[in-house]
Amino acid sequence: MSRSEPAALDLPTEQPVEQPVVEEVRTRRYPLQLFRSELHLTFGRARIWMGLGVLAVVPIVIGVAIRLSGNSGGAEGFLGQVAGNGVFLVVAGLGLSMPFFLPTAVTVVSGESLAGEASLGTLRTVLTAPAGRSRLLAAKMVALAVFCVAATMTVWLSGLVAGVVLFPVGDVTTLSGTTVSLAEGLLRALGIAGLISASMLGLAAIGLFISSLTSTPLAAMAATFGGYVVLGILNSIPQIDVIHPWLLMNNWFSFADLMRDPPFWDNIGKNLALQGAYVVVFYAAAWARLTSRDISG
Amino acid sequence: MAVDGIDLEVPAGSVFGFLGPNGSGKTTTIRMLLGLIAPTAGEVELLGEPMPKAQLAVLPRVGALVEGPAFYPFWSGRANLVRFDAADRTSDPRTRKQRAAEALERVGLSAAAGKKVRAYSLGMRQRLAIAVALMRRRDLLVLDEPTNGLDPQGTREVRALIRQLAEDGTTVFTSTHLLAEVEQVCTHAAVMSRGRLVRQSTVPELRSELRPRLVVRTPDLDQAEATLARLGVTELRRQDGTVDGDPGERPIEEYAASLVGERVRIHGFGLERPSLEEAFVALTGEGFDVAE
């Protein structure tokens with residue numbers, strides 16, 4: 001016995017089942033409703049809002065600490081400028097969230113995305129709806145991207161509010177020493193939020209892929225975060241700097257180049273290209289996995 | 001290998017019972033039909049279309065409950081219905097709320113529609129799973145153990161619902177390991193055993209295949225058994241104060257006369273048509289134990 005024969009469920013066609021108006025409706029397509037539904041699934045949970053709440057606290061804590069100490073304690077870079085200009089709390093908050101808080105949030109949400117549905121068993125119901133496996137994966141990735149933006153913008157907004165409340169706000173001094181208007185400074189800070197969101201996409205795609213491998217969301221999250229830590233360690237070992245340009249976070253801090261006058265685009269471009277490459281590779285791997293996976297959980 | 005060479009002929013409008021002991025391959029077959037798993041070899045067809053290739057075209061016509069109810073516990077029953085309906089790109093968002101309300105009404109969950117599924121009992125989840133399948137008018141309903149976990153009242157309601165759906169023209173394909181369920185609701189049945197389809201036919205045919213048995217209730221078991229054996233009754237069995245066997249072609253009143261002649265005390269005497277359970281055991285050679 002080495003082969004299994006076809007399983008067929010045939011309804012004789014000469015006995016058409018009575019079909020009222022519904023049939024007409026079926027010819028219409030609403031291809032985007034799954035994407036909306038995925039967004040609802042991602043954001044329709046209390047834990048997501050608690051996570052975003054934690055992110056919002058980061059710039060507030062930094063701001064309050066600086067305000068209470070009365071100065072920036074000789075801190076360098078953006079942090080050092082916060083006491084003089086609250087706008088820098090936006091940039092400093094984003095920069096300080098980048099290595100740990102944002103990746104943690106992205107790891108949790110991306111690790112959950114497919115493995116969470118597999119563990120609940122809802123994956124089989126969604127697939128027999130039918131969602132279509134490729135479409136479902138696309139909707140998951142889009143929802144993750146939206147989450148990356150939401151997480152970053154949470155820090156951005158919280159930093160702005162805390163900065164305005166706690167410190168004087170005015171024209172922004174760039175890293176090149178020139179001064180730009182407050183409006184332009186805020187615009188650049190918004191650009192930085194965009195770059196940081198994009199920097200999280202590579203990690204999100206890794207998480208999505210790992211999430212497609214298992215039915216245990218916690219395992220997917222742990223593995224994704226573990227992978228992130230390993231990449232980070234590799235990126236900090238100078239003896240292997242030959243592989244550094246290929247590591248996820250190698251150009252993450254290129255966002256600071258947006259605060260130069262004029263902005264320095266080289267490393268920003270490298271970072272975006274690298275994030276794109278990570279997304280393509282891991283999204284393709286997740287697709288290959290999901291479209292061939294037996295859903296038997 | 002879980003299943004091998006299954007060809008199910010489910011007539012339109014029938015209630016088709018897919019019967020087999022636990023582990024016989026029912027759920028595996030259903031998962032394959034719905035495109036959740038791929039066969040190692042061979043093709044799968046559903047409503048005449050190849051699966052999983054044509055799944056986006058076929059599955060909207062199929063309501064499915066696979067392997068027990070699964071939901072987002074942090075959402076209400078209504079929100080769960082909306083989620084699964086929105087996953088189908090052919091379902092109309094404008095009528096969604098109303099369809100959800102109707103589906104909940106049909107399974108008797110209107111009162112609990114806004115409650116989180118986390119707080120639902122197993123029976124309520126089972127009904128909600130059926131409501132998912134009822135969100136649209138379907139040509140075929142595939143229900144995997146639909147009365148699992150329901151109390152007797154809930155079981156009766158679900159069976160009535162299945163009959164009603166069939167009357168409305170929906171073909172129902174339901175797997176079960178409960179023979180009583182097949183006897184009560186199904187018009188047709190197929191029997192799986194150890195990954196193979198051993199029989200499929202109408203339910204009356206399935207039952208009529210077994211010959212009726214002569215059953216004698218008596219306190220004099222030894223004497224009755226000896227007498228019946230002498231008269232040519234075969235396959236004699238003894239249980240709980242009765243002796244039963246295959247009476248052959250001889251009219252049964254002759255056995256009664258002989259037993260009385262031998263002074264066997266008779267408390268009960270008659271022919272019994274075998275239950276579907278016996279037909280089932282005869283077909284599969286096993287009871288409800290997990291198949292190896």
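Reader: What area does chain B expose, and what share of it do carbon and sulfur atoms supply?

Author: Chain B exposes about 12500 Å², and carbon and sulfur atoms supply 49% of that area. The model is a predicted one. For chain A, the accessible surface comes to about 13100 Å², with 69% belonging to carbon and sulfur atoms.

Reader: What secondary structure does each chain contain?

Author: Chain B has 11 helices and 13 strands, while chain A has 11 helices and 3 strands. Along the sequence, chain A reads β-α-α-α-α-α-α-α-α-β-β-α-α-α. Buried residues account for 53% of the 292 residues of chain B and for 48% of the 297 residues of chain A.

Reader: What makes strand E2 of chain B mostly covered?

Author: Strand E2, residues 15-19, has 5 residues, and 5 of them are buried. Each therefore has a relative accessible area under 20%. B:Val15, B:Gly17 and B:Leu19 point one way, B:Phe16 and B:Phe18 the other, and all are buried. The general pattern is that side chains of a regular strand alternate between the two faces of the sheet.

Reader: Why is E2(B) said to pair with strand E7 of chain B?

Author: Pairing requires at least two bridges. E2(B) and strand E7 (residues 171-176) are joined over 5 bridges in the parallel sense, so the requirement is met. The same test applies to strand E8 (residues 188-193): 4 bridges join it to E2(B), and the two run parallel. B:Phe16 takes part on both sides, with B:Phe173 as its bridge partner in E7(B) and B:His188 as its bridge partner in E8(B).

Reader: Why is the contact of B:Arg83 with A:Glu117 called a salt bridge?

Author: The cut-off is 4 Å between a side-chain nitrogen of Lys or Arg and a carboxyl oxygen of Asp or Glu. The closest N and O atoms of B:Arg83 and A:Glu117 are 2.7 Å apart, so the pair qualifies. B:Arg83 lies in helix H3 (residues 77-86) of chain B and A:Glu117 in helix H6 (residues 101-120) of chain A, so this salt bridge joins two chains. Both B:Arg83 and A:Glu117 are buried.

Reader: What makes A:Asp261 partly exposed and A:Arg188 buried?

Author: A:Asp261 has a relative accessibility of 30%, a value between the limits of 20% and 50%, so the residue counts as partly exposed. A:Arg188, at 10%, is under 20% and is therefore buried. The two form a salt bridge, with 3.2 Å between the closest N and O atoms. This pair links distant parts of chain A: A:Asp261 is in the loop between helix H10 (217-235) and helix H11 (266-292), and A:Arg188 is in helix H9 (residues 182-213), 73 residues apart.

Reader: Why is B:Asp92 classed as buried and B:Arg94 as exposed?

Author: B:Asp92 has a relative accessible area of 8%, under the 20% limit, so it is buried. B:Arg94 stands at 60%, over the 50% limit, so it counts as exposed. Their side chains meet in a salt bridge with an N to O distance of 3.0 Å. Elsewhere, salt bridges that share partners join A:Glu38, A:Glu117, A:Lys140 and B:Arg83 into one network.

Reader: What makes the phi of B:Leu47 and of B:Glu67 notable?

Author: Most residues other than glycine have a negative phi. B:Leu47 is not a glycine, yet its phi is positive, at about 50°. The phi of B:Glu67 is also positive, near 55°. B:Leu47 lies in the loop between strand E3 (44-46) and E4 of chain B and is buried, at 10% relative accessible area. B:Glu67 lies in the loop between strand E5 (62-65) and H3 of chain B and counts as partly exposed, at 29%.

Reader: Which omega values belong to the cis peptide bonds that lead to A:Pro130 and B:Pro52?

Author: Most peptide bonds are trans. The bond from A:Ala129 to A:Pro130 is cis, with omega near 5°, and the bond joining B:Met51 and B:Pro52 is cis, with omega about 0°. A:Pro130 is found in the loop between helix H7 (122-127) and helix H8 (133-166) of chain A, and B:Pro52 in the loop between strand E4 (49-51) and helix H2 (55-58) of chain B.

Note on methods
Residues are numbered from 1 along each chain as its sequence is written. Chains are lettered from A and ligands numbered from 1 in the order in which they are written. This is a predicted model: local features need pLDDT of at least 70, side-chain atom pairs count only at pLDDT 80 or more; totals for chains, interfaces and linings use all residues. Side-chain values use heavy atoms; hydrogens and water are left out. Buried means under 20% relative accessible area, exposed over 50%, partly exposed in between (1.4 Å probe, protein chains only). Accessible areas come from the Shrake-Rupley method with a 1.4 Å probe; for residues, only the protein chains shown count as cover.
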